[in-house]
Amino acid sequence: MRAAVIEAPGRAPAVVDREPPDATSEQVLVDVTAAPITPLDLLCATGTSYFGVPQTPYVPGVQGVGTLDGRPVWFPTTAGMQPGDGSMAAVATVPRADLVLLPDGADPVLVAALGLSAVAAHMALTWRGGLTAGEQVLVLGAGGVVGQAAVQLAGAAGARRVIAGARSAAAQNRAKQAGADAVVALDTDDVAELAARFETVSDGPVDLVLDPLFGAPAAAAARTLRPGGRLVNLGSSAAETCPIDSSTLRSRSLRLLGYTNNELTREQRGAALTTVAEHAARGTLTVAHEIVPLDDVAAAWQRQVCGAAAGRIVLTP
């Protein structure tokens with residue numbers, strides 16, 4: 001079979017011919033139809049992640065979509081985090097219990113592009129952030145996959161107004177296309193300036209902030225929150241530290257909450273992925289993505305590393 005293989009940490013994967021994998025009694029062989037290149041894939045492959053240096057050679061791909069007995073399924077893997085291979089191959093070995101059946105009408109490429117990023121957006125908004133209908137939501141990093149999904153999912157959950165923050169013009173346009181009611185440029189690290197921009201487009205104080213950035217954008221967003229408002233952080237794309245001042249935090253009794261998909265049970269993850277896939281099948285959830293043949297993985301990988309891709313890259317056989 002054809003597979004993308006990382007021969008050494010820090011190298012882009014190359015496509016090689018390999019023998020198909022074998023499955024144990026608790027595993028199944030899934031015919032892969034779509035495998036996204038995600039930030040976690042890129043991080044693990046560097047050998048500098050908190051998971052340590054991966055055992056090479058290995059097939060990357062921490063998630064994918066395929067078929068089992070003719071049925072479309074989504075699946076996760078631990079490629080790059082633990083010894084073993086991932087989704088960027090014609091066939092993947094997956095624990096049967098990890099499979100999530102996809103609903104009729106769900107585009108496998110779109111589900112692969114959304115995947116765990118959309119799961120994070122959904123669960124950070126609802127399970128962690130406690131979003132209720134009628135609340136005003138501010139989504140930072142709204143041009144990324146998590147952010148685009150969050151804008152749409154917040155609206156689907158009944159948010160009365162969704163404000164988006166994004167850095168580049170292209171990212172701002174993706175946030176608009178996702179349906180944000182207002183879009184703010186995050187082109188400065190001046191916290192006061194960013195807070196003023198958010199307040200200008202807000203309909204009163206914000207109830208919930210979804211934050212995959214941290215840094216100055218999160219500090220500015222915190223200033224827009226109502227008393228008792230919530231900020232859910234699920235990333236640090238802007239900075240590892242954040243200049244939120246004590247007076248903002250204490251005067252409004254704000255709640256700063258952390259989120260990670262790693263905290264989810266298998267059942268929670270499966271239910272959230274099903275919700276994401278159902279939205280995708282109904283046409284109420286999408287994300288910017290590219291479709292690239294597996295044989296072109298090396299160039300696609302480098303474009304994803306450099307941020308030159310037009311959205312999430314999804315590999316197909």
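Two strands count as paired if DSSP finds at least two bridges between them. Strand E12 (residues 225–233) and E13 meet that mark, pairing in the parallel sense over four bridges. The model is predicted. This briefing covers a six-stranded sheet, a helix crossing, a set of salt bridges and the surroundings of one proline.

**The sheet**

- Six strands form an open sheet with parallel pairing, in the order E10-E9-E8-E11-E12-E13.
- Strand E10 (182–185) and strand E13 (255–258) stand at the edges. Each has a single partner strand, so one side of each is left without a neighbour in the sheet.
- On average, neighbouring strands here are turned by 20° against each other, direction ignored.
- Strands of a sheet pair through backbone hydrogen bonds, either parallel or antiparallel.
- Asn233 has its bridge partner in E13, namely Gly258.
- Helix H5 (residues 191–201) lies across three strands: E8 (136–140), E9 (161–166) and E10. The angle of H5 to E10 is about 165°.

**Helices H2 and H8**

- The axes of H2 and H8 come within 8 Å and cross at roughly 115°.
- Angles of 65 to 115 degrees count as roughly perpendicular. H2 and H8 are therefore roughly perpendicular to each other.
- Their crossing, H2 with H8, is right-handed.
- On the H2 side, the contact residues include Leu110, Leu114, Val119, Met123 and Trp127.
- On the H8 side, they include Gln268, Ala272, Leu273, Val276 and Ala280.

**Salt bridges**

- The count comes to 14 salt bridges.
- Arg18 and Asp85 meet through their side chains, at 2.8 Å from N to O. The pair links distant parts of the chain, 67 residues apart. Arg18 is in the loop between strand E2 (14–17) and strand E3 (27–37). Asp85 is in the loop between strand E5 (71–76) and strand E6 (91–95).
- Both ends of that bridge have some exposure: Arg18 is partly exposed at 25% relative accessible area, and Asp85 is partly exposed at 37%.
- Asp98 forms a salt bridge with Arg266, with the closest N and O atoms 2.6 Å apart. Asp98 lies in the loop between E6 and strand E7 (100–101), and Arg266 in helix H8 (residues 266–282), so the pair ties together parts 168 residues apart in sequence.
- Is Asp98 buried or exposed? Its relative accessibility is 12%, and buried means under 20%, so Asp98 counts as buried. Arg266 counts as partly exposed, at 41%.
- Glu135 forms a salt bridge with Arg230, with the closest N and O atoms 2.9 Å apart. Glu135 lies in the loop between helix H2 (108–128) and E8, while Arg230 is in strand E12, so the pair ties together parts 95 residues apart in sequence.
- Glu135 is buried, and Arg230 is buried too.
- Which residues form a network of salt bridges with Glu135? They are Asp207, Arg226 and Arg230.

**Around Pro212**

- Pro212 sits in the loop between strand E11 (206–211) and helix H6 (215–222).
- Pro212 is buried, with a relative accessible area of 11%.
- Pro212 and Asn233 are 21 residues apart in sequence. In space, their C-alpha atoms are 5.8 Å apart.
- Leaving out residues up to four places away in sequence, Pro212 touches Leu140, Gly141, Leu234, Gly235, Ser236 and Ser237.

Terms used
Residues are numbered from 1 along each chain as its sequence is written. This is a predicted model: local features need pLDDT of at least 70, side-chain atom pairs count only at pLDDT 80 or more; totals for chains, interfaces and linings use all residues. Side-chain values use heavy atoms; hydrogens and water are left out. Helices (H or I, at least four residues) and strands (E, at least two) are DSSP runs, numbered from the N terminus. Axes are lines fitted to C-alpha atoms, for helices over the stretch in contact, and angles run from 0 to 180 degrees between N-to-C directions. Contact means heavy atoms within 4.5 Å. A salt bridge is a side-chain nitrogen of Lys or Arg within 4 Å of a carboxyl oxygen of Asp or Glu. Buried means under 20% relative accessible area, exposed over 50%, partly exposed in between (1.4 Å probe, protein chains only). Angles under 35 degrees count as roughly parallel, over 145 as roughly antiparallel, 65 to 115 as roughly perpendicular and the rest as oblique. A crossing is left-handed if the near helix is turned anticlockwise from the far one by less than a right angle, and right-handed if clockwise.
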